[in-house]
Amino acid sequence: MKKYIVETSLSYPKKGAMGKTGSWRVFKPVLDTKKCVKCLRCWISCPEASIHREKDNSVSIDYDFCKGCGICANECNVKAIVMEREKTKGK
Amino acid sequence: MTIMIDTGNRIAAKAAVMAKPEVVAAYPITPQTTLVEAIAEYVARGEYKGEYICVESEHSAMSACIGASAAGSRTFTATSSQGLLLMHEMLHWAALARLPVVMCNVNRVVGPGWNIWVDENDSISQRDTGWIQFYCSSNQEIFDTVIHAFKLAEHEKVVLPVMVNLNAFILSHTSMPAEIPDQNVVDNYLEKYIPKWKLDIDNPTTFGNIIGPAHYYRVRRAMQDAQLNAKKLIPQIAKEWMKLSGYFHGDLLEYYKCDGAEYILLSMGAIGAESKIAIDELQKAGQKIGLARVRVIRPFPVEDIIKLGKQADLVVIDRNISVGLEGALFTEVKAALYGQSDAKATGFIAGLGGKDVTYKDIETMCMKSMKGKVKEQELYGMEE
Amino acid sequence: MALKDLPVDECLLQGNASCPGCPATIGLRLVLKALGKKTIMVVPACCTAVIESLYPYTSFDVPVMNIAFEAAAAGASGVEAALRQQGRTDITVVAWAGDGGTYDIGLQALSGALERGTNFIYICYNNQIYSNTGIQRSGATPFAAWTTTTVGGKTEFRKELGEIILAHHIPYAAQTCISYPEDLYNKIKKAMSIKGSKYVEILAPCPPGWRFSMDKTLEMGRLAVDTGAWSLWECENDVMTFNGKSKLLLEKKIERKPIEEWIKYQGRFSHLFKPELDEKRLQAIQEHIDHLWERYRKCYVKI
Ligand SMILES: Cc1ncc(C[n+]2csc(CCOP(=O)(O)OP(=O)(O)O)c2C)c(N)n1
Ligand code: SF4
Ligand code: SF4
Ligand code: SF4
Ligand SMILES: [Mg+2]
């Protein structure tokens, strides 16, 4: 990454530009890998790119950034993801 | 070197094409039309090899210039009056984005009613956008200033857009000779354009996302610094060009017969040119008055004005009015003098709506001021 | 193209400022998967300017130029011209704008760019409102929908922008929806493979704007297609093809669901159901959609 000297509103890419957005969560998606059929619907549907996809198409949830919208749970046809209320706010 | 006898617009187009911008985006408006038509002719003849985007509005013209400049290309456009005003939002955008777009503005009256003649209310109303603003008074000066504009805009200590103003018809449509240097002279003077930031897939950045109070001021502060740098660089750039071309039209101001003057007339644009004849006549009649023709109003030549104030009382002619106050140049001259000099500044607003201002009129105005008959600033020739 | 064939790489980084359940980020992920890193984006004022996150950081891993609200297509024209001059024809120039920036304030610049044949992809993510400024009506807001500027429900029907775009006879125009990832991905890929002006519009159901629960973003898109409130189509060199379910609906191979099946989940239409059923307006909405599909059938069903 090269920084430009001229002073204007130029911003540089950063993962977590708004911090760990996982702290926004009220409900948390919980994945049951035994039920998962690796269809990848949750992976492609997550607005936060917070469902990671492995080489074998198994998936895992990145709680650092998951905002808890519940789309993944809603999209999973085999109910391998369920939403549970966060115990304390955030992670 | 060749001599080109042609209109201000066509000479501006010649200069723009010789600066080799990669992208021109423009929209026609009287009295700028013959300028963009001239560029279209260069395209047709294969003499201009860049992109010429015939956009659907001036707002889009400036937006396209901003896009092209952000992508790393030298860009040029031209407009006038209503077109300049339609660009207003994007003028701020270009300057805040620190993009060295160069634009010619043909000063024309702002409607309604429709009036295509000269006054300077169009560009004067854009003073706060962050653009550097030049005002020309001859076709030679137009050519040279357009070339300077690229040099200055792209200078690493400036990196701001530059507007070159030429008065409607009196300059835009009047044929006068101008010396056109060889292409290699321009090439050597301008050098290859290296953008100071750009949209780059190998170094992705986001330009212009949300920026809060904790940071935004830095962008404004840097623009201010850049304008102040430009103030120092304009004389230097003008002198460098003189060495190459032999032409010099002044620094921030052009001084004309100011030695020993007890009064100095300050005027701009075509009235600035006419003022020289008035000064000749007045001096012949024994009046101790000289001329300082204001070439640049942003950055404003504060120090030069103070210096003049140490020497003489000032007479200011504005071809614009900031309604509710007075002529803009008059306000700014007084602001520059404040606390720095006891010089008296008086003046006139003349030539609004394209009303003719002859050297005789200028003589009359100067005489009235010198006789102490003017309090502050008066309207001239608009008594009826 | 199955989901498993979509690329793993992300150009929209995690931890951005979007609302939870945001359709714009779902769309952006898919679009950027198709476009890849050799992309320059031009973005006018809209939610995406927020999603980019706060200076001095950005959530975009491709170059992005923010531009004034009405200027996306013009700004992109400039970028495209400059890149062509520089010989960088390997880079895809994309304008990514909301429905406000497309249907309303930016329509002139868009029409100009399409008429000039600017070599770029213009993508409109249509959440049927001005979201950024707090849910005001746009030309894309449907009849009877509540917004903060149409408090009793909008009194006009939405503009058929797709048909305005088609009148430019550009080489490629398409409508898709975030709920159909393969369809969306394929349409962007196809747009990339074609020279000239391309237009892709993505329906983007917005939970806070439409007042539905944030886990239902994709469901709202599917129901929009099932009820015919939205359609998936592409038009390549003036040849129109409806896609997926919309094709089946056009050919009457499946039944169109009643519009209530879509709007009953959205709080923006709740005044049509409570305190009492507003049959008149519900019927007007249904008739409008029926009429629209009749027109589609007349124009696009090959006999
Ligand atoms: C010239 C101008 N007018 C108004 C605004 C305020 N404004 C910013 S974004 C916006 C609405 C954007 O709506 P849309 O394009 O649909 O994008 P969304 O916010 O829905 O993502 C408005 C009205 C502006 N930035 N510039
Ligand atoms: S949607 Fe359900 S089944 Fe499909 S990959 Fe995700 S968790 Fe597994
Ligand atoms: S709850 Fe929402 S943000 Fe979290 S993993 Fe699921 S889809 Fe992604
Ligand atoms: S208002 Fe809608 S489109 Fe905008 S960020 Fe929130 S969810 Fe996304
Ligand atoms: Mg919108």
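A residue counts as near a molecule when one of its heavy atoms lies within 4 Å of it. With that in hand, ligand 4 is surrounded by C:Cys19, C:Cys22, C:Pro23, C:Cys47, C:Asn127, C:Ser131, C:Cys206, C:Pro207 and C:Pro208. This is a predicted model, where local features need pLDDT of at least 70, side-chain atom pairs count only at pLDDT 80 or more, and totals for chains, interfaces and linings use all residues. Residues are numbered from 1 along each chain as its sequence is written, chains are lettered from A and ligands numbered from 1 in the order written, and side-chain values use heavy atoms, without hydrogens and water.

**Around ligand 4**
- The shell has seven nonpolar, two polar and no charged residues (nonpolar is Ala, Val, Leu, Ile, Met, Phe, Trp, Tyr, Cys and Pro; charged is Asp, Glu, Lys and Arg; polar is the others, Gly among them).

**The largest cavity**
- A cavity is a set of points, on a 1 Å grid over the protein atoms alone, where a 1.4 Å probe fits but cannot get out; lining residues have an atom within 4 Å of a point.
- The largest cavity comes to about 190 Å³ (the space filled by probe spheres set on the points, which are joined across faces, edges and corners).
- Of its 16 lining residues, C:Pro142, C:Arg158, C:Ala229, C:His288 and C:Ile289 are the closest to the centre.
- Helix 12 of chain C (helices are DSSP runs of H or I, at least four residues, numbered from the N terminus) gives the most to this lining, with four residues.
- The lining splits into eleven nonpolar, three polar and two charged residues.

**The second largest cavity**
- This one has a volume of about 90 Å³.
- Closest to its centre, out of 14 lining residues, are A:Pro29, A:Cys46, A:Cys66, A:Cys69 and A:Cys72.

How values were computed. 1 Å grid on protein atoms, 1.4 Å probe; cavity = no way out; pocket = protein on both sides within 12 Å on 5 of 7 lines; lining within 4 Å. Helix = DSSP H or I, 4+ residues; strand = E, 2+ residues; numbered from the N terminus.
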